[in-house]
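Got the viewer open? Let's take a walk through this one, stop by stop, with something to select at each.

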Amino acid sequence: MERQLFSWKTWVDLDFLTCAYSDCTVVKAFGPFAVGDKLSEVIVDFDTGHIDVSLGSEQEPWSGKLTLTVEAA
């Protein structure tokens with residue numbers, strides 16, 4: 001799911017269902033972010049569907065909710 005929204009340089013598992021991605025680039029627009037925007041860190045909790053985005057120390061973080069859709073292959 002996250003690969004559809006952004007690419008990243010590094011990532012770490014915070015627990016079984018939560019990952020933190022660093023040095024990210026948006027590949028599909030979501031929330032207030034456009035394709036090509038640089039994101040400092042993105043934390044995704046796959047259990048609750050929460051996504052937290054950090055743009056760096058100078059800017060306010062952004063939080064959202066991921067929803068799952070299923071499409072025919």
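Start by selecting Phe6: with a relative accessible area of 1%, this residue is buried. Keep in mind as you click around that you are looking at a predicted model. Confidence averages a pLDDT of 93 over the protein chain, and 100% of the residues score at least 70.

Now add Tyr21 to the selection. Its relative accessibility is 2%, under the 20% cut-off, so Tyr21 counts as buried too. What sort of aromatic pair do Phe6 and Tyr21 make? The ring centres sit 5.3 Å apart with the planes at 70°, and anything over 60 degrees goes down as edge-to-face, so that's what this pair is. In sequence the partners are 15 residues apart: Phe6 belongs to strand S1 (residues 6-7) and Tyr21 to strand S3, so the pair links distant parts of the chain.

Before moving on, select Trp8 as well. Phe6, Trp8 and Tyr21 form one aromatic cluster.

Next stop: Phe33 and Trp62. Phe33 is in the loop between S3 and strand S4 (38-45), while Trp62 is in strand S6, 29 residues apart. Their rings have centres 5.4 Å apart and planes at 85°, so this pair is edge-to-face as well. Are these two buried or partly exposed? Phe33 counts as buried at 7% relative accessibility, whereas Trp62 has a relative accessible area of 25% and is partly exposed. If you feel like hunting for more ring pairs, a search of the whole structure finds 6 aromatic pairs.

Switch to cartoon and colour by confidence. Among the elements, strand S3 (residues 18-26) has the highest mean pLDDT, at 97, and strand S6 (residues 62-65) the lowest, at 95.

Stay in cartoon and count: the protein chain has 6 strands and 0 helices. Reading from the N terminus, the order is β-β-β-β-β-β. The radius of gyration is 12 Å, close to the 11 Å the globule rule gives for 73 residues, so the chain is as compact as a globular protein of that length.

Finally, zoom out. Along the principal axes, the C-alpha atoms fill a box of roughly 40 × 30 × 20 Å. Turn on the surface: the accessible area of the protein chain is about 5,200 Å², and 53% of that belongs to carbon and sulfur atoms. As for what's hidden, 27% of the 73 residues count as buried. Among contacts between residues at least 6 apart in sequence, 21% join residues at least 24 apart.

Conventions
Residues are numbered from 1 along each chain as its sequence is written. This is a predicted model: local features need pLDDT of at least 70, side-chain atom pairs count only at pLDDT 80 or more; totals for chains, interfaces and linings use all residues. Side-chain values use heavy atoms; hydrogens and water are left out. pLDDT is the predictor's confidence in each residue, from 0 to 100. Helices (H or I, at least four residues) and strands (E, at least two) are DSSP runs, numbered from the N terminus. Rings of Phe, Tyr and Trp (its six-membered ring) pair if their centres lie within 6.5 Å; planes under 30 degrees apart count as stacked, over 60 as edge-to-face and the rest as tilted. Buried means under 20% relative accessible area, exposed over 50%, partly exposed in between (1.4 Å probe, protein chains only). The radius of gyration is taken over C-alpha atoms; the globule rule is 2.2 Å times the number of residues to the power 0.38. Contact means heavy atoms within 4.5 Å. Accessible areas come from the Shrake-Rupley method with a 1.4 Å probe; for residues, only the protein chains shown count as cover.
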